[in-house]
Amino acid sequence: MLDVIIIGSGCAGNTAAIYTARANLHPLVVAGKEPGGQLSLTTLVENFPGFPEGVDGPALVENMKQQAINFGAEYIHGQVVEADLSDRPFKLRIDDEWFESRTLIIASGASARWLNLPNEQKLIGHGVSSCATCDGFFYRGKKIMVIGGGDSAMEEANFLTRFGDSVTLVHRRDHYRASKIMLERARNNPKIRMLTDTIVEDVYDVSQNLVSRAKLRNLKTNEAWDEPVDGFFVAIGHIPNTAPFIGQIDLDPDGYIVSKGGARTSRVGVFHAGDVQDRSYRQAITAAGAGCMAAIEAERFLEAEGH
Ligand SMILES: Cc1cc2nc3c(=O)[nH]c(=O)nc-3n(C[C@H](O)[C@H](O)[C@H](O)COP(=O)(O)OP(=O)(O)OC[C@H]3O[C@@H](n4cnc5c(N)ncnc54)[C@H](O)[C@@H]3O)c2cc1C
């Protein structure tokens, strides 16, 4: 019987592991299919406090993990595929094996939706991004492209005009899902050029390890052309990784965990941390902070139960 299982090994899970390990709770961390989480996809992180020159994303999460291991956390490869939270102890199936725990910290993140272009994944961190707050600063004076038609695409496009010379907003339809106010803000921004009925067919140039152009196609005229671009931002939403918890805890209509205050979920003893609950900030530092909160709540919960 474990005191705490932490699901996810990104910033939130690793921070929860550091705190629960230092509280002598011997946490078990389930790394998932993406050990290190989303920061392991990126290169330079310039906004995590404490690193004046910036820090390599994969190195940052690896250091967090090592810090947790030094205090006694255990990491296992594997994926939570099923959960039974109806009763305590909570039961989790990790790949083929069932585990039991008095508390759970769900830190399974939210994966960005990608366009699935042939070169897209190869250029993530080298011009392709899903996070304007994270990467906009790298494109000062450059040509930026944002893909999407919802509020987050409008918000990212507006935000990116602070850095880029121009922002081309590409949307596959001629009407937008975005709210009127966000759409108007984008339309009124002189730096934003809006292309409708247009899809991206691919992004280049893998041989140079950077983005230099995107191939676009107008769906109405079928005309295809190459558009020069330096920063390529995909803003078509995120998918919270909560499939094993459907029907077990309260999720919102998009699948994000509904917080019951602090780090509490609708199930007593089950806590949330990071992007799996946060559709608003989605940053390494906020995820780390949320991991700390979840760990302290789990600790207090176990203490109150006499463990
Ligand atoms: C390309 C890119 C660049 C970024 N750059 C920055 C930046 O510069 N600065 C910044 O602050 N933020 C940046 N971010 C955002 C930041 O990475 C996230 O906000 C942060 O990683 C969220 O941490 P998390 O621990 O909540 O989730 P994640 O990092 O998404 O980690 C989720 C973890 O859960 C695991 N998991 C998922 N499902 C399961 C399951 N069923 N069972 C077990 N494990 C599971 C995954 O394997 C993973 O380990 C960037 C994101 C991306 C994609």
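Tutor: A strand here is a DSSP run of E with at least two residues, and strands are numbered from the N terminus. Thr 168 is found in one of them, β12. The model is predicted.

Student: Is Thr 168 buried or exposed, and at what relative accessible area?

Tutor: The cut-off for buried is under 20% relative accessible area. Thr 168 falls under it, so it counts as buried, with a relative accessible area of 6%.

Student: Which side chain makes a polar contact with that of Thr 168?

Tutor: A polar contact needs N or O atoms within 3.5 Å. The side chain of Thr 168 has such a contact at 3.3 Å. Its partner is the side chain of Arg 193.

Student: How many aromatic pairs does the structure hold, and what is the geometry of Phe 137 with Phe 163?

Tutor: There are five aromatic pairs. In the pair of Phe 137 and Phe 163, the ring centres are 6.1 Å apart and the planes stand at 80 degrees. Planes over 60 degrees apart fall in one class, so this pair is edge-to-face.

Student: How many residues separate Phe 137 and Phe 163, and where do they lie?

Tutor: Phe 137 is in the loop between α3 and β11. Phe 163 is in the loop between α4 and β12. The pair links distant parts of the chain, with a separation of 26 residues.

Student: Which of these two counts as buried?

Tutor: Phe 137 has a relative accessible area of 41%, so it is partly exposed. The other ring has 16% relative accessibility, under the 20% limit, and therefore the buried one is Phe 163.

Student: What is the class of the pair Phe 271 and Phe 301, and which elements does it tie together?

Tutor: The centres are 6.2 Å apart and the planes are at 70 degrees, so the pair is edge-to-face. Phe 271 lies in strand β19, and Phe 301 lies in helix α6. These parts are 30 residues apart in sequence, so the pair ties together β19 and α6.

Student: Which ring has the charged end of Arg 213 over it, and at what distance?

Tutor: The limit for a charge over a ring is 6 Å from the centre. Arg 213 meets it over the ring of Tyr 204. The distance from the centre is 4.2 Å.

Student: Which polar side-chain atom lies 2.8 Å from a nitrogen atom of the ligand?

Tutor: The backbone comes in elsewhere: a polar backbone atom of Glu 34 is 2.7 Å from a ligand oxygen. A backbone N or O atom of Arg 282 lies 3.1 Å from a ligand oxygen. The side-chain atom at 2.8 Å from a ligand nitrogen belongs to Asn 47.

Student: What share of the ligand's accessible area does the protein cover?

Tutor: On its own, the ligand has 1000 Å² of accessible area. The share covered by the protein is 97%.

Student: Which elements give two or more residues to the shell around the ligand?

Tutor: The shell has 32 residues. They divide into 13 nonpolar, 15 polar and four charged. The elements that give two or more are α1 and α6.

Student: Which residues does the cis peptide bond join?

Tutor: Its omega is about 0 degrees. Pro 89 is in the loop between β6 and β7. The bond joins this proline to Arg 88.

Student: Where does Asn 116 lie, and what is its phi?

Tutor: Asn 116 lies in the loop between β9 and β10. Its relative accessible area is 67%, over the 50% limit, so it is exposed. Its phi is positive, in a residue other than glycine, and is near 60 degrees.

Conventions
Residues are numbered from 1 along each chain as its sequence is written. Side-chain values use heavy atoms; hydrogens and water are left out. Rings of Phe, Tyr and Trp (its six-membered ring) pair if their centres lie within 6.5 Å; planes under 30 degrees apart count as stacked, over 60 as edge-to-face and the rest as tilted. Helices (H or I, at least four residues) and strands (E, at least two) are DSSP runs, numbered from the N terminus. Buried means under 20% relative accessible area, exposed over 50%, partly exposed in between (1.4 Å probe, protein chains only). A charge sits over a ring if NZ of Lys or CZ of Arg is within 6 Å of the ring centre and within 35 degrees of the ring normal. A residue is near a molecule or strand if one of its heavy atoms lies within 4 Å of it. A polar contact is a pair of N or O atoms within 3.5 Å; within protein, one must be able to donate a hydrogen and the other to accept it, and residues adjacent in sequence count only if both atoms are side-chain atoms. Accessible areas come from the Shrake-Rupley method with a 1.4 Å probe; for residues, only the protein chains shown count as cover. Ala, Val, Leu, Ile, Met, Phe, Trp, Tyr, Cys and Pro count as nonpolar, Asp, Glu, Lys and Arg as charged, and the others, Gly among them, as polar.
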